[in-house]
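Work through the exercises below with the structure open. Each task is followed by a solution in steps.

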Amino acid sequence: MFCRSFLVKLLASLLLLVLTLGLSDVPDAIPAGICLRQHALGGPQPPLHQPAPEFTLPTNTGDGEISLSDYRGQWVVLYFYPKDFTTGCTLEARRFQQDLPQYSARNTQILGISADDIDSHAEFCDSEGLHFPLLADIEGSTSKAYGSWLGYQSLRHTYIIDSQGILQAIFLGVKPAIHSGEVLARLNELQ
């Protein structure tokens, strides 16, 4: 009797945990006008319609470092991803690259961030033919500022930042195969 009661409580607790974790990541994009104060899996999200957290990180392109402020006057799609060369991350990067002309036509820069180092990013860009910067957040400080850090790696979250540096959209439930299309659709609504 005790074992059965214990198992029922344990299963109910696990189900509640799964639902809680799953629901925190459900929205594909937080609609404009809604201030997100909840915690996603990676921590508290930065507030919409406020300045996006500033950062400067090393990259494998250009002068070796990129700051968010370098892109004032342009929109930015800032996407966090777990690791170079993994299946989902490769698919997501390929889709952004495939749609790069559409982003350029919208005066929008793609920036990818993970905890991988710049050498890994350089190899990944060469291997996949990526023509947008990948930034190395080795310690996770920028990922943490955006609520996209889980222990040792970035989570798959995306942020749209307008030309004045204001956070306009957040994507938490990212599906790599269709994500670039979702981001483009949201950009069309915002611009």
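Helices (H or I, at least four residues) and strands (E, at least two) are DSSP runs, numbered from the N terminus. The model is predicted, so local features need pLDDT of at least 70 and side-chain atom pairs count only at pLDDT 80 or more, while totals for chains, interfaces and linings use all residues. Residues are numbered from 1 along each chain as its sequence is written, and side-chain values use heavy atoms, with hydrogens and water left out.

**Exercise 1.** Describe the chain as a whole.

Solution. Step 1: the chain contains 6 helices and 11 strands. Step 2: 48% of its 191 residues count as buried; buried means under 20% relative accessible area, exposed over 50%, and partly exposed in between (1.4 Å probe, protein chains only). Step 3: take contacts (heavy atoms within 4.5 Å) between residues at least 6 apart in sequence; 66% of them join residues at least 24 apart.

**Exercise 2.** Locate Asp117 and state its exposure.

Solution. Step 1: Asp117 sits in the loop between strand E6 (108-114) and helix H4 (118-128). Step 2: its relative accessible area is 37%, so Asp117 is partly exposed.

**Exercise 3.** Find how many salt bridges the structure has, and examine the one between Asp116 and Lys83.

Solution. Step 1: apply the criterion, a side-chain nitrogen of Lys or Arg within 4 Å of a carboxyl oxygen of Asp or Glu. Step 2: the whole structure yields 5 salt bridges. Step 3: in the pair Asp116 and Lys83, N to O is 3.0 Å. Step 4: Asp116 lies in the loop between E6 and H4, and Lys83 in the loop between E5 and helix H2 (87-98), so this pair ties together parts 33 residues apart in sequence. Step 5: Asp116 is buried at 7% relative accessible area, whereas Lys83 is partly exposed at 41%.

**Exercise 4.** Which parts does the salt bridge of Glu54 with Arg72 tie together?

Solution. Step 1: the closest N and O atoms of Glu54 and Arg72 are 3.8 Å apart. Step 2: Glu54 is in the loop between strand E2 (43-44) and strand E3 (56-58), and Arg72 is in the loop between strand E4 (65-67) and strand E5 (75-80), so the bridge ties together parts 18 residues apart in sequence. Step 3: Glu54 is partly exposed at 42%, and Arg72 is partly exposed at 43%.

**Exercise 5.** Analyse the salt bridge of Arg186 with Glu189.

Solution. Step 1: the closest N and O atoms are 2.7 Å apart. Step 2: Arg186 and Glu189 are 3 residues apart in helix H6 (residues 179-190), and therefore separated by about one helical turn. Step 3: Arg186 is buried at 10% relative accessible area, while Glu189 is exposed at 60%.
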